[in-house]
Amino acid sequence: MQVLEFLAVNMPAGIAVAGILGLLIGSFLNVVIYRLPIVMEREWRSQCKTLLETEDSYASEDNQTAFNLVTPNSHCPKCDTPIKAWQNIPVISYLLLGGKCHNCKATISKRYPIIEFITGLLSCMAIWHFGVSWQGGAMLLLTWALITLTMIDFDHQLLPDSITLPLLWLGLIANNFGLFCSLPEALWGAVFGYLSLWSVYWLFKLVTGKEGMGHGDFKLLAVLGAWLGWQVLPIIILLSSLVGAVVGIFLLVLKNKGKSVPIPFGPYLAAAGFIAAIWGEEITRAYLNYAGL
């Protein structure tokens with residue numbers, strides 16, 4: 001407790017500790033982002049095998065080796081050489097190794113140090129805004145979860161229930177103690193967050209006969225509503241839609257992507273949610289002043 005009190009009083013030290021913790025957590029998030037979709041796919045195969053009562057060669061192979069967020073230990077995907085502790089220091093190890101495997105010299109993806117750095121940076125911003133407090137600690141958890149959901153959705157167009165549903169309950173529990181808003185505001189934030197995109201989904205489907213977004217997007221907006229309250233939902237929807245539209249046009253025009261190519265909406269919701277959590281009041285005040293209200 002004395003350490004926390006010291007960090008709470010000395011903001012630079014608190015921000016520095018948050019950054020270091022964020023770098024370490026970012027290294028673990030890289031594992032979750034890569035492994036969780038594979039774990040889910042194996043579970044789906046096993047369930048299909050049980051349902052259809054058939055033998056699946058992939059499922060049999062999956063059952064032979066344990067694979068989860070802990071096992072096996074980190075290793076080079078090309079030469080299977082285990083990664084030593086000094087080779088797993090966030091960002092620093094990547095620079096020391098020159099972005100290559102120490103054994104086989106295979107190139108290591110730049111996304112690993114980038115995710116670690118971004119996690120550290122956003123962790124610093126969370127503590128800078130909310131301080132070393134229960135509110136700041138809760139915001140760290142939300143930030144780390146949003147980073148994970150962003151990258152999984154970017155890679156697989158998937159927002160796992162194993163992350164969004166516990167996060168929804170955590171938001172309601174946190175606001176039972178009034179960390180970000182009152183419990184009624186959080187409850188209705190979850191309800192309106194889910195129903196708003198659910199309504200858009202069904203309206204688009206009735207008009208076009210196609211699905212415009214995944215059900216995970218409903219749950220993610222419900223999560224943000226549960227954490228931040230119903231008042232921030234218009235800001236989140238506006239920011240995410242604006243950025244999503246710009247990126248979508250960019251991909252269609254400059255990258256020659258077809259209109260049928262799915263574009264994940266989760267990353268824009270997550271980014272808009274973080275921005276609203278940090279600068280939501282300032283954005284709302286600036287808009288009201290601009291509108292003369």
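Which residues in H2 meet Trp144, Ile147, Thr148, Met151, Ile152, Asp155 and His156 in H6? In this predicted model, the H2 side of that contact is made up of Leu21, Gly22, Ile25, Leu29, Val32, Ile33, Leu36 and Pro37. The two helices pack with their axes 10 Å apart, at an angle of about 35°, and H2 passes H6 in a right-handed crossing. H6 itself covers residues 134-156.

Let's stay with H2 for a moment. It takes in residues 11-52, 42 of them. From its first C-alpha to its last, H2 reaches 58 Å, close to the 62 Å expected at 1.5 Å a residue. Still, there is a bend in H2: about 30° at arginine 35, with proline 37 following within four residues. Pro37 has already come up, since it is among the H2 residues that meet H6. Right after H2 comes glutamate 53, and its phi is positive, near 55°.

Two other backbone spots are worth a look while we're on phi. Valine 91 isn't a glycine, yet its phi is positive, about 65°. You'll find valine 91 in the loop between helix H3 (57-64) and helix H4 (92-96). Then there's glutamine 157, also not a glycine, with a positive phi near 50°. Glutamine 157 sits in the loop between H6 and H7. Is glutamine 157 buried or exposed? Neither, quite: its relative accessible area is 41%, so it counts as partly exposed.

Now for the rings. The structure holds seven aromatic pairs. One of them joins phenylalanine 130 and phenylalanine 180 edge-to-face, with 5.5 Å centre to centre and 85° between the planes. This pair links distant parts of the chain, as its partners are 50 residues apart. Phenylalanine 130 belongs to helix H5 (residues 111-130), while phenylalanine 180 is in the loop between helix H7 (161-176) and helix H8 (183-208). Both of these phenylalanines are buried.

Tyrosine 201 and tryptophan 202 make another edge-to-face pair, 5.3 Å centre to centre and again with 85° between the planes. Here the burial is split. Tyrosine 201 has 2% relative accessibility, so it counts as buried. Tryptophan 202 comes out at 35%, which means it counts as partly exposed. Tyr201 and Trp202 also have company: together with Tyr194 and Phe218 they form one aromatic cluster.

Terms used:
Residues are numbered from 1 along each chain as its sequence is written. This is a predicted model: local features need pLDDT of at least 70, side-chain atom pairs count only at pLDDT 80 or more; totals for chains, interfaces and linings use all residues. Side-chain values use heavy atoms; hydrogens and water are left out. Rings of Phe, Tyr and Trp (its six-membered ring) pair if their centres lie within 6.5 Å; planes under 30 degrees apart count as stacked, over 60 as edge-to-face and the rest as tilted. Buried means under 20% relative accessible area, exposed over 50%, partly exposed in between (1.4 Å probe, protein chains only). The expected span of a helix is 1.5 Å times one less than its number of residues. The bend at a residue is the angle between axes fitted to the seven residues ending there and the seven starting there. Axes are lines fitted to C-alpha atoms, for helices over the stretch in contact, and angles run from 0 to 180 degrees between N-to-C directions. A crossing is left-handed if the near helix is turned anticlockwise from the far one by less than a right angle, and right-handed if clockwise. Contact means heavy atoms within 4.5 Å.
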